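Thanks for coming, everyone. I have one structure to walk through today. Let me put it up.

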Amino acid sequence: MTPAELRALPPGTRVVVRYRLHGDSHGATDALGDLIAVGPVSCTVATRRGEVVIAIADIVAAKTVPPAPERRPR
């Protein structure tokens, strides 16, 4: 998905965004959650661990994903 396609998604869409890491690791990681906002230089994804702000230039890939499955009662 291109940045333009990501910007076209409505807030609340469940997405996974792969993005580059900087610093010592130089790898990539994923943010899985609800798309909060997409601006000209960054996007924000609400994950289980909190909101992740990702620079558009660091995005390697992105796609929509189905809703999370309901948790089973214990």
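A word on terms before we start. Two strands count as paired if DSSP finds at least two bridges between them. Keep in mind, too, that this is a predicted model.

Now, strands 1 and 2. Strand 1 covers residues 14-20, and strand 2 covers residues 28-38. How many bridges join strand 1 to strand 2? Seven, and the two strands run antiparallel. Here are two of the contacts. V16 has L32 in strand 2 as its bridge partner. R14 has D34 in strand 2.

Stay on D34. We have just met it as the partner of R14. Which residue in strand 3 is the bridge partner of D34? That one is A46.

So much for single residues; on to strand 3. Strand 3 spans residues 42-47. Four bridges tie strand 2 to strand 3, and this pair is antiparallel. A hairpin makes the connection from strand 2 to strand 3, through three residues.

Next, the whole sheet. What is the order of its five strands? Read it as 4-3-2-1-5. The sheet is open, and the pairing is antiparallel. At the edges sit strand 4, residues 50-55, and strand 5, residues 59-64. Each of these edge strands pairs on one side only. As for twist, neighbouring strands in this sheet are turned by 40 degrees against each other on average, direction ignored.

One general point to finish. In a regular strand, side chains alternate between the two faces of the sheet.

Definitions and conventions
Residues are numbered from 1 along each chain as its sequence is written. This is a predicted model: local features need pLDDT of at least 70, side-chain atom pairs count only at pLDDT 80 or more; totals for chains, interfaces and linings use all residues. Side-chain values use heavy atoms; hydrogens and water are left out. Axes are lines fitted to C-alpha atoms, for helices over the stretch in contact, and angles run from 0 to 180 degrees between N-to-C directions.
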